[in-house]
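Student: I would like to go through this model and ask what stands behind the terms used for it.
Tutor: Go ahead, and ask for the grounds of each term.

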Amino acid sequence: MSAIKTLPGTRDILPAEIQYWQNIEEVARTILKKAAYREIRTPIFEQTSLFERGIGEATDVVGKEMYTFKDKGDRSITLRPEGTAGVVRAFIQNSLEAQGGLQRLWYAGPMFRYERPQQGRMRQFHQIGVEVLGSANPRADVEVIAIACDILQTIGLKNLRLDINSVGNKEDRQNYRQALIDYFTPHKSELDADSQDRLTRNPLRILDSKNERTQEIVAGAPSILDYLGEESRSHFEQVQQMLKNLGISYQLNPRLVRGLDYYTYTAFEIISDDLGAQATVCGGGRYDGLVKELGGPDTAAVGWAMGIERLIILLQKLQPLPAPKLDFYLVSRGEKAEQQSVLLAQKLRIAGFIVEMDLSGSPFSKQFKRAAQRGAVACLVLGDAEAENETVQLKWLASGEQSAIAQSELLAMTTELQQKINNP
Ligand code: ATP
Ligand code: MG
């Protein structure tokens, strides 16, 4: 029988890699906590209409990439392709706005998109994201951008750049939309098929096309910055001034429009030059129209999402994986010794040590070898004699220093042991 394997675009995250994931999650959690963001966990599948309305039917995500199926109750269900729609649904459904105005939320978890799998582009991938619901203030835009930069810097990434743009408000976009239609229409036959289709439906999204010929034409298109009204212009200037005050460098990218329909005012991406085609590690912006669009109260909002797989690809190039920490490797041989080792391991763990117990019963020399392979700081050895006297041999692997000690004494000197383990 042939073995069953993972589906295309999905993969196992094995223990050898998990430290990267845990480090990223811990850094994000710590930074978000300090900024008073609270975690929210929404279902992984939702009604398909949530994403159709919340992301927009003319987008790639909804048009081509969703995992949609009928459940046994004949409901149309979609595995979430992104986090914002679910968070906004939860905000509305649970009347979170009634619980004291502004909500600063974050989430992390798997997302699903039917894409062509390649490096940095998976069908099941993972995001960490934030959403601030209930403020139109440009300080909120700057706060979320600063948090994203802080997380990326703290996990140790380098060579990242921040691109920002303003996509204006509804009225600005209406004017800009017409300017784009006027500009692209004479070039229509040269555009890729998707862009031709978008020309009347959603011409802003042509700017987002990854087709090379289309991009050449896009290079000559009018800039949205020339179509911003007074309000959008002022918002954007405040954002830029505050970024400068924070020492966060950025570049203006008037072609940056984001793939999703609900964005207003600020749009931004954080990009790495070390990732090839899948270069964006974090994307976000303001989406003042979405909460109302999904049936909630008129609520201004801003947020971002970052792709963890892409962060890990970058980290793997920069940092060797830190070895997992192991304080004691417990070596034992002989019936009584093996039984005592179970008890000793338990007591040491309760005292706060990381303890791995050898279960093989193989000769001492083999167990010692494994202790070294596992990277233990010290070995605890129980043989027949030690079991008889309730002692244990304590051997420090770096120096080879070894001494016999009563098991009770060992457990009474945990502070001293902890110090020696930290500075062997
Ligand atoms: P791209 O242009 O690369 O397709 P996107 O605009 O579709 O990105 P968003 O929807 O803004 O991406 O998602 C935010 C982040 O999530 C991206 O910047 C990226 O880091 C990550 N991401 C998106 N799609 C995938 C995927 N299929 N596999 C891995 N990471 C992804
Ligand atoms: Mg995409």
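Student: Which residues meet where α1 packs on α11?
Tutor: In this predicted model, E17, Y20, W21 and I24 of α1 meet I308, E309, L311, I312, L315 and Q316 of α11. By class, that contact has seven nonpolar, one polar and two charged residues.

Student: What makes E17 and E309 count as charged and Q316 as polar?
Tutor: Glu is among the charged types, and Gln falls to the others, which count as polar. E17 belongs to α1 and E309 to α11.

Student: At what angle do α1 and α11 pack, and how far apart are their axes?
Tutor: Helix α1 (residues 15-34) and helix α11 (residues 308-318) pack at about 115°, and their axes are 10 Å apart. The crossing is right-handed.

Student: Which residues form the contact of α1 with α5?
Tutor: From α1 come V27, A28, I31 and L32, and from α5 come I147, D150, I151 and T154. The classes are six nonpolar, one polar and one charged. The two helices pack at about 145° with axes 9 Å apart, and α1 passes α5 in a right-handed crossing.

Student: Why are α5 and α9 called oblique to each other?
Tutor: Helix α5 (residues 138-154) and helix α9 (residues 230-245) pack at an angle of about 40°, with their axes 9 Å apart. Roughly parallel would need an angle under 35 degrees, and roughly perpendicular runs from 65 to 115. The angle of α5 and α9 falls in neither range, so the pair is oblique.

Student: Which residues make that contact, and what is the hand of the crossing?
Tutor: α5 passes α9 in a right-handed crossing. P138, R139, D141, V142 and I145 of α5 touch H235, Q238, V239, M242 and L243 of α9. By class there are six nonpolar, two polar and two charged residues.

Student: What does α9 touch on the sheet?
Tutor: α9 packs on β7, β8, β9 (264-272) and β10 (280-286), and its direction makes about 160° with that of β7. These strands belong to an open sheet of eight, in the order β1-β5-β6-β11-β10-β9-β7-β8, with mixed pairing.

Student: What makes β1 and β8 edge strands?
Tutor: Each of β1 (38-39) and β8 (251-252) pairs on one side only.

Student: How do you know that β7 and β8 pair?
Tutor: Two strands pair if there are at least two bridges between them. Strand β7 (residues 160-166) and β8 have two bridges and run in the parallel sense, so the requirement is met. D163 stands opposite Q251 in β8.

Student: In what order do the strands of the three-stranded sheet run, and which are its edges?
Tutor: The order is β2-β4-β3, in an open sheet with antiparallel pairing. The edge strands are β2 (45-47) and β3 (67-70), each pairing on one side only. On average, neighbouring strands of this sheet are turned by 35° against each other, direction ignored.

Student: How many bridges join β3 to β4?
Tutor: Four bridges join β3 to strand β4 (residues 76-79), and the two run antiparallel. Y67 stands opposite L79 in β4. Helix α2 (residues 48-55) lies across β2, β3 and β4, running at about 80° to β2.

Student: Why is S332 called buried?
Tutor: Buried means under 20% relative accessible area. S332 has 2%, so S332 counts as buried. S332 lies in strand β12 (residues 328-332). Leaving aside neighbours within four places in sequence, its contacts include A337, E338, D358, F364 and L382.

Student: Why does A219 count as exposed?
Tutor: Exposed means over 50%, and A219 is at 56% relative accessibility, so the term applies. A219 is in the loop between α8 (212-218) and α9.

Student: What is set apart about the backbone of N159, and is N159 buried or exposed?
Tutor: N159 has a positive phi of about 55° although it is not a glycine. N159 is in the loop between α5 and β7. With a relative accessible area of 54%, N159 is exposed, because exposed means over 50%.

Student: Where does E390 lie, and what is its phi?
Tutor: E390 lies in the loop between α14 (384-389) and β15 (391-396). The phi of E390 is near 55°, a positive value in a residue other than glycine.

How values were computed: Residues numbered from 1 in each chain as written. Chains lettered and ligands numbered in written order. Predicted model: local features only at pLDDT ≥ 70, side-chain atom pairs only at ≥ 80, totals over all residues. Heavy atoms only, no water. Axes fitted to C-alpha atoms, helices over the stretch in contact; angles between N-to-C directions. Parallel < 35°, antiparallel > 145°, perpendicular 65-115°, else oblique. Left-handed = near helix turned anticlockwise from the far one by under 90°. Contact = heavy atoms within 4.5 Å. Buried < 20%, exposed > 50% of the residue type's maximum accessible area, 1.4 Å probe, protein only.
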